[in-house]
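User: Hi! I'd like a close look at a single part of this protein, with the cut-offs spelled out as you go.

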Amino acid sequence: MTGEKLTRAGAVYVRIREEIFRGDLRPGQRLRLVELAQRFSVSQSVVREALTRLSEQRLVRAAPQQGFSVVTVSLGDLDQLTEARIEIETIVLRRSMARGNLDWQASVVAAHHRLAGTPLVLPDGTLNGEWFAVHERFHQSLLDGCGNSHLLAAALTLRDAAALYRRWSRVVGHDFDRDIPGEHQHLADAVLRGDVDAATTLLAQHTDRTAQALRTVIADGDEGAV
């Protein structure tokens, strides 16, 4: 594939990925090559390359004879992933709090400060893509002090796997009444004062709240839409 074609495929990948995250492309929605090629003014092979990359990241499903579609929420996968994240991330956080030095604490303070100053919703009512990157940096900063690269890698891999669920908790799960800044503030405070039990409990609750918004949608009988 030529460099220009790779660049075009990359641009289409970014556009479709963001539309999935925003909920513009709904869970389970078919992604037709012809329609997307016309919309983005590229060839179908460019669109196929972008969708193949998205399927490798488990954002798009590729089925024989059926083509591509946006993934749907699996309650079983959501519950298992949430359980695994809580188990691993709380273990890693405990080790960070036991082993982290002043530089680690300063990185947590800096990451939280930036997160607190970054709006989730822009003035036009759309979600701020930058917030999600800053949010990830804050959560990684909590884990960075663990002193075990294998545990850290496992925790971050699980966080990556849950990225779509985090984005969909608002746009699909309609979890609008949540005090996310307050949750982050309480979590950061507990970490910095060295209260391990409070910090790990707050992290577990924070993680499960994200999943609960999608569980509610499924429980309401709308599983086909998620």
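Which of the elements of the protein has the highest mean pLDDT, and which residues does this element meet in helix 6 and in helix 9?

Analyst: Happy to help! This is a predicted model, in which local features need pLDDT of at least 70 and side-chain atom pairs count only at pLDDT 80 or more, while totals for chains, interfaces and linings use all residues. Residues are numbered from 1 along each chain as its sequence is written, and side-chain values use heavy atoms, with hydrogens and water left out.

The element you are after is helix 5, with a mean pLDDT of 98, whereas helix 1 (residues 3-22) has the lowest, 83. Here pLDDT is the predictor's confidence in each residue, from 0 to 100, and helices are DSSP runs (H or I, at least four residues) numbered from the N terminus. For the protein, the mean pLDDT is 90, and 94% of residues reach 70 or more. Residues 221-226 have pLDDT below 50, and that stretch makes 10 contacts in the model beyond near neighbours in sequence; contact means heavy atoms within 4.5 Å.

Let's take helix 6 (residues 129-143) to begin with. Its axis and that of helix 5 are 9 Å apart, at an angle of about 160 degrees. Axes are lines fitted to C-alpha atoms, for helices over the stretch in contact, and angles between N-to-C directions run from 0 to 180 degrees. Helix 5 and helix 6 are therefore roughly antiparallel, a label for angles over 145 degrees. Helix 5 brings W104, S107, V108, A111, H112, R114 and L115 to this contact, and they meet E130, W131, V134, H135, R137, F138, S141 and L142 of helix 6. By class, these residues are eight nonpolar, four polar and three charged, where Ala, Val, Leu, Ile, Met, Phe, Trp, Tyr, Cys and Pro count as nonpolar, Asp, Glu, Lys and Arg as charged, and the others, Gly among them, as polar.

Now for helix 9. Helix 5 (residues 102-116) and helix 9 have axes that come within 11 Å and cross at roughly 165 degrees, so this pair too is roughly antiparallel. On the helix 5 side are W104, Q105, V108, V109, H112 and L115, facing H184, Q185, A188, V191 and L192 in helix 9. This contact divides into seven nonpolar, four polar and no charged residues.

Terms used:
Helix = DSSP H or I, 4+ residues; strand = E, 2+ residues; numbered from the N terminus. Parallel < 35°, antiparallel > 145°, perpendicular 65-115°, else oblique.
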